[in-house]
Amino acid sequence: MKAQIKYLLVFALFAILSLTACQDEVTEVINPNEQETITPNSTLANLMSYTSANFGAVDDILDGTSCFSVELPVTIIVSDITIVIETEADLEQLEDLFEDLNSNEDFLDFIFPITIIFSDYTELVIENADQLENFINECEEDDNVIECVDLVYPISFSVFDSEFSLIDTVTIENDEALYEFLEGLEDNDNALIVSLNYPVTLEFSNNETLEVNSNEELAETIASAEDDCEDDNEDDCEEEEIALNLIECQWEVYLYTNDDLENLDGPYTFIFNDNGNVIIEGLNQDPQTTTWELLETDNGLELSIASFYYYEEQFGNWLVVQCDDDELKFEHLTVDGSGLFFEQECEDDLDCSLLDISDILQECPWDFSDGTDLFDNYQMIFNANGELLITEGGATSAIGGNWSLSISNNGLPEISISNLTAFQDYLGGDWLIVECDEDRLQILRLDYTIVLEQNCEANLGCTTEQIGANIVECAWELETNLIDSFVPIYVYFAPNGQVYTSNNDDPENQIGTWEMVTVASDIFIEFTFQQGLDVLTDQWQVVECTEGELYLVNGDNYILLSQECDLNEYNCDYEVVEINLKECVWNVVNLNGSNDLIEYDFDFTENYNVNISQNNEVINDGSWSVSETDQGLLLNLELQFENLIGSWLIVECEDDRLELVRGEGIIVLERDCTVDTNPFNCFNDFELVECVDPNGEAEFNLSADTIGLIDCPFNFTASFHVTEVDADNDTNAISNTESYFSVTGQVYLRIVADNGNFEIYTIYLNTEECDLFECFASFDAVIELCDEGNDGFETFNLTNAFANCTTSVDVVTYYETQADAEVGTNPIANPEAYTNIAVEQQVYVSVEIGNQLEVFPILLLLEDCNQGDCTEEDVDAFLLECIWNAVNYNGSDNLAEYNFDFESSNQTVVIYTNEITIDAIWSTSQTSAGVIVEFSNVAGPNIQAITGEWLIVECEEARLELHRGDDILVLERNCD
């Protein structure tokens, strides 16, 4: 148990007091007398502790016990609703919710772990429901907690030493601080004297307040409030609580008259129903049915029984004088000396528990009869979600309704049947289960008896084989209460048990699996879904089977499958529609036969905003998207304008015209490229970060890193300015925007539209310390060439070694020796065509950035390129296995993040990273020089450099080295 006792305040105080011996001066005050001090374990100290103790009953609606409270905030689940309780005020709203749900069952679940707080403010972390239940069961309520009165904070205490010198004044802000302060007095070994500073205000449970001015007055007030609180608890007979108790079980009732409590009449059995009826047994040979009602009157809470014995003439009014959960006492209001004693009897006389009855009801359909032939051709089907279906012979539809089980007022199991679409008068209502066997039940409602007999040979009207054959014929529209979708969901069930989003077996369209399962006479479909439908993964029972429709249930959830064999497909291309919408503006030339919207321009932007303009002024905006379904393409509009919001099916598509439908609605859009559109939606403020140079400045490319990154479809003119005033006035524009030196600060971008309107955007310039030579030091530069003539010499392009690093440096010079490179003598005259002097040779590059200089080596290697003797078939087989990575491109590993997935069916190679995916083309061919690998359509940053034909010069199963002129590419296989 993790108990956190918070005595820091008191301990800190006592630590301060221990230093007072070193003080030369203390404040002398009049010594408090004995009546003014508060001593440990005194009556007043205890009363104040009881008043400030943690009141665990404040949240009984959460935990059902007053031994502790639950620390807030806490998350709970009520009837599938997730609620966060943050304050005590939320508890009142929770109580209102319970009343709205109208359930007597325990349907509150905590999201663990939670923390509980005991009356002394110690805390304990509870990990699960079993642990919480153990603490609730072991609860022994603290009778000393006083709940009907509170101190109004802040209050303060004066603290004296043994010489009655004032040491300190302690201010208390809340109950917990007061409780711990008083507990600390008991644990203190120092000779301290504590007195409470008056006046002190008390607040009572009825919100009245009282000011007290002495220890005696405070103690008397708290004690009196405690007595009143106990009296209130004893007399607290609530109408709602008594009503719930009355209908919970049957009651054994005794009548007394003339105040004779020794000779009682009875016992009688009273069975109260929540419909206002009460059945009284024991008065006559047959049970008597009458009515009952609880009334709040000037006399108090009254029980009105319309007819009981000879008290009928007095209308049977009985005053509630005593109430417990299982005992009640009433006095008659008219006949003096008469009263009733009620004792609750909740025994279940049947052998079947509610759980047993629920299980057997759901096993199979049930034949039922009232002794006539009225229901001879009907069966009842009790579903787990509380749904009741009454079927007739081979009919494909059923009478619907609901069912539930409970313990009746007389302690017997009861089945409630409600909301029937037929036979409500015959079968609706509350039925006592008076006989219970595994395959037979007898139920009773007043004097009407029905016998139910289990029939496990019943079926849905269709077999497993019929459902299996039917389900693979066409597409099915899927509807469920678990998924909110603006567009229809269509699925295809393949004979191999796969579920697809379109009518083909492309693995990319597979979204799950399905399987038929039979349990007893019930048919289930077991689904395993992904891609947004995973919430439906489970076993679903087929409860209705009609032509073209299946109705499935799982608990309280359902799936409705409707067969759609005539899905329309319109020849509209997704990418073409998107591209066309983004070009120019569009006008609604037809909305349900009207051209009322033709004056508005709809601008579908690159970032999927849609702006509606009238006379070049934006009057409304929203968002748009295009999605693909089996019906065709949908244009989805999130737009509060003329009821256009929602998804529209594109049924006709041309470059400059679209026709859309939704139900009976129709929209015709036509493109207008003569309208000047607003470019300002393309831009926002920018932030640029560059490396600071030795002078404390950084070089910024203002144009390339701002407007150069924006693909805006609208015409605009841009200029850059040092001050916002210059930008507003269009003066003093920065001339060299590609090389602008600055410390941290900002400049301003002015964007001007064709119509002359302009907007100003801020470009924030930030600098950071960088390793200027990081690129050069990040890898070992190696250039490998084939020794074509086998003479040991080839021409090297030295600039390829650090081609990706030299774009932003000041001076790059190449040398044959490190010594020459360091002093800058004897540079290589033509580094683009350098002939080596050894088969393996190291040269050096001198790199100058600002006023800093570094030297880096370059290794030159000649290879015997006749080693690669793989055939084209070998290379194809190698590449189709696993994933390949470009571990070396001209001595650099900057392409290593790209993964190459070579596919055989369409000669596609998917090149991807965590951010981008490229569908490129690859092929191999056999030449006299060896095997050639060709890459094309490689559209991506850096990786486009591999486009072209490469000769394989080294060939291993997991490693290929390819040459293209002076370029070297090494691919290695990764099967992990």
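**A small sheet, a pocket and a cavity**

Helix α5 (residues 129–137) lies across β2, β6 and β7, and runs at about 135 degrees to β7. Helices (H or I, at least four residues) and strands (E, at least two) are DSSP runs numbered from the N terminus, and angles run from 0 to 180 degrees between N-to-C directions of axes fitted to C-alpha atoms, for helices over the stretch in contact (heavy atoms within 4.5 Å). This is a predicted model, with pLDDT of at least 70 needed for local features and 80 or more for side-chain atom pairs, while totals for chains, interfaces and linings use all residues. Numbering starts from 1 along each chain as its sequence is written, and side-chain values use heavy atoms, leaving out hydrogens and water.

The three strands form an open sheet in the order β2-β6-β7, with antiparallel pairing (two strands pair if DSSP finds at least two bridges between them). β2 (68–70) and β7 (123–126) are at the edges with a single partner strand each, so one side of each has no neighbour in the sheet. Strand β6 (residues 114–118) pairs with β7 over 4 bridges, and Ile117 has Glu123 of β7 as its bridge partner.

Now for the empty space. The second largest cavity has a volume of about 60 Å³; on a 1 Å grid over the protein atoms alone, a cavity is a set of points where a 1.4 Å probe fits but cannot get out, and lining residues have an atom within 4 Å of a point. Grid points are joined across faces, edges and corners, and the volume is the space filled by probe spheres set on them. Among its lining residues are Phe602, Phe604 and Leu635.

Terms used. 1 Å grid on protein atoms, 1.4 Å probe; cavity = no way out; pocket = protein on both sides within 12 Å on 5 of 7 lines; lining within 4 Å.
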